[in-house]
Amino acid sequence: MALRQIAHLPEPILRKKAKPITKFDKDLQTLIDDMIETMREAPGVGLAAPQVNIPLQLAVIEYAENEDEEEENEDAPPKPKKLYVLVNPEIIKVSEEKVLGVEGCLSIPGLIGEVQRHEAIQVKALNRHGQPVKLKVNGWMARIFQHEIDHLNGVLFTDRAAQVWKPSEEENEETPLD
Ligand code: NI
């Protein structure tokens with residue numbers, strides 16, 4: 001495995017629509033493993049292939065569901081993180097309910113913004129071996145999925161944010177990047 005370099009704005013690849021994946025070969029498996037390693041090292045909660053200069057419809061996501069919710073018991077053990085590999089993902093259903101949340105992006109260092117997202121979505125995708133999967137996610141996980149799928153269409157959170165700003169030190173620590 002190897003770390004990949006993360007593309008930052010204004011790299012044009014971040015604005016291109018990624019191409020569907022048709023070959024589930026060894027090169028793809030290497031790319032997926034490299035992206036997982038790069039995401040963890042950043043650290044980030046998600047990473048899309050265009051962010052590592054590969055124009056393919058692929059994203060990796062790793063996040064502990066409900067991590068954002070207030071824990072009643074602060075000593076409770078942390079929730080386990082869930083890892084998703086999404087190939088050719090497609091949003092097939094969205095909740096009417098939308099929620100505001102503060103997002104940042106590994107490709108846009110030094111800026112965060114408040115973005116409205118669907119609270120819950122259903123996604124159709126292929127897994128890393130090319131098998132079809134259907135996923136239902138909500139809360140922050142749904143936000144990360146929408147952020148990553150946007151990346152595959154050349155859309156960045158700054159396009160959707162009502163306003164963006166430079167994070168304070170505290171906001172910097174609190175905002176997961178993807
Ligand atoms: Ni991002």
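Which residues coordinate the nickel ion, and through which atoms? In this predicted model, the donors are Cys105 (SG), His147 (NE2), His151 (NE2) and Asp178 (O), at 2.1 to 2.2 Å. The briefing below covers this metal site, the sheet formed by strands 4, 5 and 8, and the largest pocket.

**Nickel site**

- The donor residues of the nickel ion follow the sequence spacing C-x41-H-x3-H-x26-D.
- Cysteine 105 belongs to the loop between strand 4 and strand 5, while aspartate 178 belongs to the segment after helix 4, so this pair ties together parts that lie 73 residues apart in sequence.
- Both cysteine 105 and aspartate 178 are buried.
- The angles among the four donor atoms run from 95 to 139 degrees, and the site is classed as irregular.
- The reason lies in the cut-off: four donors count as tetrahedral if all angles lie between 85 and 135 degrees, and the range at this site extends to 139 degrees.
- For reference, the ideal angle for four tetrahedral donors at a metal is 109.5 degrees.

**Three-stranded sheet**

- Three strands form an open sheet in the order 4-5-8, and their pairing is antiparallel.
- Strand 4 (98-104) and strand 8 (164-165) are the edge strands, each pairing on one side only.
- Seven bridges connect strand 4 with strand 5 (residues 112-118) in the antiparallel sense.
- Within this pairing, valine 102 is placed opposite glutamate 114 of strand 5, and glycine 104 is placed opposite isoleucine 112 of strand 5.
- Strand 5 and strand 8 also run antiparallel and are joined by two bridges.
- Isoleucine 112 has tryptophan 165 as its bridge partner in strand 8; isoleucine 112 also stands opposite glycine 104.

**Largest pocket**

- The volume of the largest pocket is about 210 Å³.
- Its lining comprises 13 residues, and those nearest the centre are Pro43, Gly44, Val45, Pro176 and Leu177.
- Strand 2 (58-63) and helix 4 (169-174) each contribute at least two residues to the lining of the largest pocket.
- By class, five of the lining residues are nonpolar, two are polar and six are charged.

**Where the topics meet**

- Helix 4 supplies residues to the lining of the largest pocket, and the segment after helix 4 holds the nickel donor aspartate 178.
- Strand 4 and strand 5, which pair over seven bridges, flank the loop that holds cysteine 105.

Terms used: Residues are numbered from 1 along each chain as its sequence is written. This is a predicted model: local features need pLDDT of at least 70, side-chain atom pairs count only at pLDDT 80 or more; totals for chains, interfaces and linings use all residues. Side-chain values use heavy atoms; hydrogens and water are left out. On a 1 Å grid over the protein atoms alone, a cavity is a set of points where a 1.4 Å probe fits but cannot get out, and a pocket is an open set with protein on both sides within 12 Å along at least five of seven lines; lining residues have an atom within 4 Å of a point. Grid points are joined across faces, edges and corners, and a volume is the space filled by probe spheres set on the points. Helices (H or I, at least four residues) and strands (E, at least two) are DSSP runs, numbered from the N terminus. Ala, Val, Leu, Ile, Met, Phe, Trp, Tyr, Cys and Pro count as nonpolar, Asp, Glu, Lys and Arg as charged, and the others, Gly among them, as polar. Two strands pair if DSSP finds at least two bridges between them. Donors are N, O and S atoms within 2.8 Å of the metal (3.2 Å for Na, K and Ca); water is not among the atoms, so sites may look incomplete. Four donors count as tetrahedral if all angles lie between 85 and 135 degrees; four count as square planar and six as octahedral if opposite donors are over 155 degrees apart and all others between 65 and 115; anything else is irregular. Buried means under 20% relative accessible area, exposed over 50%, partly exposed in between (1.4 Å probe, protein chains only).
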